[in-house]
Amino acid sequence: MKKAGSTTAKRRLLSGNEAIALGAWEAGVRYAAAYPGTPSTEILPALAQYAGVKAEWSSNEKTALDSVIGASFAGGRALAVMKHVGVNVAADSLMSLSYTGVGAGLVLVSADDPGAFSSQNEQDNRHYARFGKFPCLEPSDSQEAKDFTAFAFELSERFDTPVMVRSTTRVSHSKSPVEVSMPEEPRQWETLPPFEREPHKYVMIPAHARRRHPEVEKRMEALADYAESCPLNRVVWGDKRVGVISDGMAYQYVREVFAGFSFLKLGLVHPLPEQMIQDFASEVDTLVVVEELDPFIEEQIRALGLDVIGKGDTAEVFPTTGELTLARVRRAALQAGLPVEEEAEAPRETAVDLSIPARPPALCPGCPHRSVYFNLRKLKLLVSGDIGCYAIGVLPPFEEMDMLISMGASIGMAHGAKQAGCPDDVVATIGDSTFFHTGLPELANTIYNQGSTCTLILDNRTTAMTGGQEHPGTGVTLQGEPGYQIDIEAVVQAMGVEDLWVVDALDVEGVEEAIREAVAVDDRPSVVYVRGECVFVPGYQRRPVAMVDQEVCNGCGFCFRVGCPAILKSEEVDERTGRPKAKIDPLLCTGCTVCLQVCPRSAIYQTEEQEA
């Protein structure tokens, strides 16, 4: 890479995700790949805006990491991005990557989700670094997110290792000032040299793996020595009655709660600087560890023979579950008898009685999944669900989802239930992006093993749950270039599914008929392919809004069963039934007509049709 001549320095307010993208670009990343997943999603779109970077959405996290590995082996710095559960998908390749080492620098960003704000678990991915024997860095704000990401590439090449940068939801989405040095001239790339063929290093057959394992152990020894002087680990001396060891976002909280005391701030969280920790502990009266989720650091410190107040070996002090907050850290410290100050009482304000209604998650007005779950509830089927907007089907008014584990698992769970002899009619629901993610092999497994699962593929033309990203079925790449649009219908037929129904998602009766017929096929796999655009897909055509004829409506409430936020209870009560009549908010209505189709009294109509 040829460095640009001069740079312009300035401060910008960036989220942690934006800062990670900037740090990767400043480090000279050529190629980046990811599968979208909150809280990591914004990193790749931010990186894709920088010149000279090829950034791609991958079909799943393993595919992303595999692609990044190839780029690294070929000599280009490369970045893989995923949320914490995505690392589970990529783990097969990640463990072997630790053995091979890298070509050019390779960094894996794992965005963990303490509190499970948008995830099915709270796993702490620092364990992957220890399990896989590679370094892990953990920034605590946006400036560190940028700096640590750039530093990770240097570390990767220096020690011939993949490097994990662990972010968390709060770091990923919080904004703070970042020093930015932007080159005034466009970046110029040198042509990569011919591939350096090293099969003993890069080809992990058993004989090569056995030779590489000792190299991994030597690398960890060298990294452990380096950790003692790593600039990302630093001591801030203060009152030595209490010494606090912390990392990541937790450091921001302890810096305020334990203001004035001493701190060992860890940026390199694996391997730990054991001598530095022991020296720090010897200088303070009471040693405290505050970290988010598992006692990852604490357990290793206890193994050094040091007494520490943390999550506790018998009684928990700082919580192991949920996201840490300033209040939670302060409350735990006070309950443990540590010399921290009570939070200053805020000035009393005049209490205002606000009646704010609860806002549970709901499918958006016009969502193409609505008719599917309306009918699944009507048909009282056992539903094996998946990760996507349609997971909301487990909530009222549908309450029609019985199993959900991980991306792509719905088809496998439904297949296993039927193979084990489950007497119920079982259907699997899976979205289009999730189908490409890990649904394909599960459907192949069902077909191969002569299963009898009915699969509903809900194609809304986007990866909707994470904000509308492209995928192999949309025909557009992350950087806005036209790509090949894979036809799900053709793929399903090519896999050998003979019983396939293709139906419009907004045809309530058609969806019901297709599901009934598909479920009736009890000796082989069947698929119902339900197509309908997400309302947030660019170019989505809104239809004439719906209205309720108050003279005809009798308050039966049937329209409320479709769970549309645009359908409300009016102030008018039907004299015969004593129930409130329905009304429709014209600002929310998209004119999808699902409510028209389910209303038993034809009390709902579209405005233009009425005028005609």
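**Exercise 1. Find F318 in this predicted model and work out whether F318 is buried or exposed.**

Solution. Start with the place: F318 sits in the loop between α12 (296-303) and α13 (326-335). Next, look up the accessibility. F318 has 1% relative accessibility, and the cut-off for buried is under 20%. So F318 counts as buried.

Now see what surrounds F318. Leaving out residues up to four places away in sequence, F318 touches F258, V288, V289, V290, I309, G310, K311, V329, A332, A333 and L338. Finally, try a distance: from C-alpha to C-alpha, F318 and P295 are 9.5 Å apart in space, with their positions 23 residues apart in sequence.

**Exercise 2. Describe how covered strand β13 is, and say which strand β13 pairs with in the parallel sense.**

Solution. Strand β13 covers residues 286-290, and four of its five residues are buried, so call it mostly covered. For the partner, go to strand β10 (residues 239-247): β10 and β13 pair in the parallel sense over five bridges. To pin down one spot, find G243, whose bridge partner in β13 is L287.

**Exercise 3. Put the strands of the five-stranded open sheet in order, and explain why β14 and β17 stand at the edges.**

Solution. The order is β14-β15-β16-β18-β17, and the pairing is parallel. Check the two ends: β14 (382-384) and β17 (499-504) each have a single partner strand, so one side of each is left without a neighbour in the sheet. On average, neighbouring strands are turned by 25 degrees against each other, ignoring direction.

Zoom in on one pair. β17 joins strand β18 (residues 526-531) in the parallel sense over six bridges, and V503 stands opposite V530 in β18.

Then add the helices. Helix α14 (residues 370-379) packs on the sheet and touches β14, β15 (426-431), β16 (454-459) and β18. The direction of α14 makes about 155 degrees with that of β16. Helix α15 (residues 409-419) also packs on the sheet, touching β14, β15 and β16, and its direction makes about 170 degrees with that of β15.

**Exercise 4. Where does helix α16 bend, and which of its residues are buried?**

Solution. Follow α16 along residues 432-448 until you reach T438, where the helix bends by about 70 degrees. A proline, P441, follows within four residues. For the second part, the buried residues of α16 are D432, S433, T434, F435, F436, H437, T438, G439, L443, T446 and I447. Go just past the helix and you meet Q450, which takes a positive phi of about 55 degrees.

**Exercise 5. Decide how helices α4 and α9 are arranged, and name the residues that make the contact.**

Solution. Helix α4 (residues 84-100) and helix α9 (residues 206-227) pack at an angle of about 80 degrees, and their axes are 7 Å apart. Angles of 65 to 115 degrees count as roughly perpendicular. That makes α4 roughly perpendicular to α9. The contact is made by S98, Y99 and T100 on the α4 side, with A209, R212, H213, V216 and R219 from α9.

**Exercise 6. Is K581 buried or exposed, and what lies 2.5 Å from a polar atom of its side chain?**

Solution. K581 belongs to strand β21 (residues 580-584). With 7% relative accessibility, K581 counts as buried. The atom 2.5 Å from a polar atom of the K581 side chain is the backbone oxygen of Q550. Residues up to four places away in sequence aside, K581 touches Q550, C553, G555, L568, K569, S570, E572 and D574.

Notes
Residues numbered from 1 in each chain as written. Heavy atoms only, no water. Buried < 20%, exposed > 50% of the residue type's maximum accessible area, 1.4 Å probe, protein only. Polar contact = N/O pair within 3.5 Å; in protein donor to acceptor, adjacent residues only side chain to side chain. Contact = heavy atoms within 4.5 Å. Pairing = 2+ DSSP bridges. Axes fitted to C-alpha atoms, helices over the stretch in contact; angles between N-to-C directions. Bend = angle between axes of the 7 residues up to and from the residue. Parallel < 35°, antiparallel > 145°, perpendicular 65-115°, else oblique.
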